[in-house]
Amino acid sequence: FGGALMSGAELHANIVETLLAGRAPISIPGWLHFICVILISLVATLLFFRTHPLKGVIVGIVLCAAILVLSFALFIEGLVLPVVEPFMATVFCYLGVLGFRLTSEERERNRLRKMFGQYVSDEVVEKLLSTGKRPDLGGETIEITVLFSDIRNFTTISERLKPSEVVEMLNIYFSRISEPILSEGGTINKFIGDAIMVIWGAPISYEDHACRALRTALIMSGIADDFRRWMKKRFGDKEPPLPEFNIGIGIHSGKAVIGNIGSPKRMEFTAIGDTVNTASRLEGVTKELGVRIAVSAETISAAGAGVKTGKHQNIGVKGRMEKVDVFEFVGFEESMVEKGGNL
């Protein structure tokens, strides 16, 4: 209770024992103590890096227990190994590794947010981060659905509008169609003048990527009709009158290479391959078929039963040796509409 390590009798008994035995506990040399602390720190750091932070607590307790056993064993042999410094080194190593992990993970999260935030919705970014699976930015081949869409007669429209009016039109139109794309988990890969390229299946993988693309195409078609009315209201006084606003949409599903592509100074997360090229060509085929949404047989198959189609034609597309079965997409059965998409 007085704070002493031993009572008076115990202290005297230990003095007598030391005198009779002819030996006293000896503290290990300072340099050896220093080396022990360094070795323990290295071992602790290695173990903490290899284990989950929660398991690291257990590892730290086990390591401290091992230090106590070692210190006691040395004491039995007459050597004194102070345990405070090894204990403190273990604690600091754990805190250091934990801090490094938190800061490095936060940097990685911020990097991914910056990289994908401009392509996908915040919900998709958060889902990507929560899964713990990071996309292989070096390139990987995965199954995706690609959508291309552009504005019909855009060259004529842009010739008859002021530059500021063209920008106004595109910004409003793209803002409107971007909302359903993002809500369906699509990745807005790029805007190409009056065209837009969208990917489903990367960086977040969806089993129903084809259905999501088709649902989005239907919504985009409805937005185009509303936007036609907006164009007439906004630019109805132009002489000669502007061509009627319309869009074309091409959709194709298949394997593509996904990754960061470009030069060291300008990288872009995108998809390349036959699937992308075919989707782009199908968008152009809408003019030939006289339809708004042209979809490949691969996308129809990937979407499953319940897809309603109209015109059908087996055509050759530029840059592809094999012909493509192209369908006009007109809608879904009621059961498919009710399913909807969930991020």
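This section describes selected helices, salt bridges and contacts in a predicted model.

Two helices in the N-terminal numbering illustrate the local geometry and the surface. Helix α1 comprises the 14 residues 8-21. At 1.5 Å a residue, a span of 20 Å is expected for helix α1, and this agrees with the separation of its end C-alpha atoms, which is also 20 Å. The helix is followed by G22, a residue whose phi is positive, near 75 degrees. Helix α2 covers residues 30-50 and includes L39. L39 also contributes to a nonpolar surface patch of about 720 Å², which is made by W31, L32, F34, I35, I38, L39 and L42.

Salt bridges in the structure number 12. One of them pairs R152 with E283, with the closest N and O atoms 3.0 Å apart. R152 is placed in the loop between β3 (140-151) and α6 (154-160), whereas E283 belongs to helix α9 (residues 274-289), so the pair ties together parts of the chain that are 131 residues apart in sequence. Both partners fall under the 20% limit for burial: R152 counts as buried because its relative accessibility is 11%, and E283 counts as buried at 10%.

A second set of ionic interactions involves D225. In one salt bridge, D225 is paired with R228, the closest N and O atoms being 3.3 Å apart. These two residues are 3 apart in helix α8, so about one helical turn separates them. An α-helix has 3.6 residues a turn, so residues three or four places apart point the same way. The side chain of D225 also meets that of R292 in a salt bridge, at an N to O distance of 3.1 Å. This second pair links distant parts of the chain, with D225 in helix α8 and R292 in the loop between α9 and β8 (293-296), 67 residues apart. The accessibilities of the participants can be assigned individually. R228 is buried, with a relative accessible area of 17%, and R292 likewise counts as buried, at 16%. D225, by contrast, has a relative accessibility of 26% and therefore counts as partly exposed. A network of salt bridges is also present, linking E184, D208, R212 and R215.

Contacts involving a loop lysine were also examined. K238 is located in the loop between α8 (209-235) and β6 (247-263). Its relative accessibility of 19% is under the 20% limit, so K238 counts as buried. The side chains of K238 and E165 are joined by a polar contact of 3.2 Å. When residues up to four places away in sequence are not counted, K238 touches R160, L161 and E165.

Contacts were likewise determined for a strand residue, E328. This residue lies in strand β10, which spans residues 324-332. With residues up to four places away in sequence again left out, E328 touches V291, I293, K308, T309, G310 and K311. E328 and L289 are 39 residues apart in sequence, and their C-alpha atoms are 8.3 Å apart in space.

Terms used: Residues numbered from 1 in each chain as written. Predicted model: local features only at pLDDT ≥ 70, side-chain atom pairs only at ≥ 80, totals over all residues. Heavy atoms only, no water. Patch = residues over 30% accessible without salt bridge, like charges linked within 9 Å, V, L, I, M, F, W, Y side chains within 5 Å. Areas by Shrake-Rupley, 256 points an atom, 1.4 Å probe, with all protein chains shown as cover. Salt bridge = Lys/Arg side-chain N within 4 Å of Asp/Glu carboxyl O. Helix = DSSP H or I, 4+ residues; strand = E, 2+ residues; numbered from the N terminus. Expected span 1.5 Å × (residues − 1). Buried < 20%, exposed > 50% of the residue type's maximum accessible area, 1.4 Å probe, protein only. Polar contact = N/O pair within 3.5 Å; in protein donor to acceptor, adjacent residues only side chain to side chain. Contact = heavy atoms within 4.5 Å.
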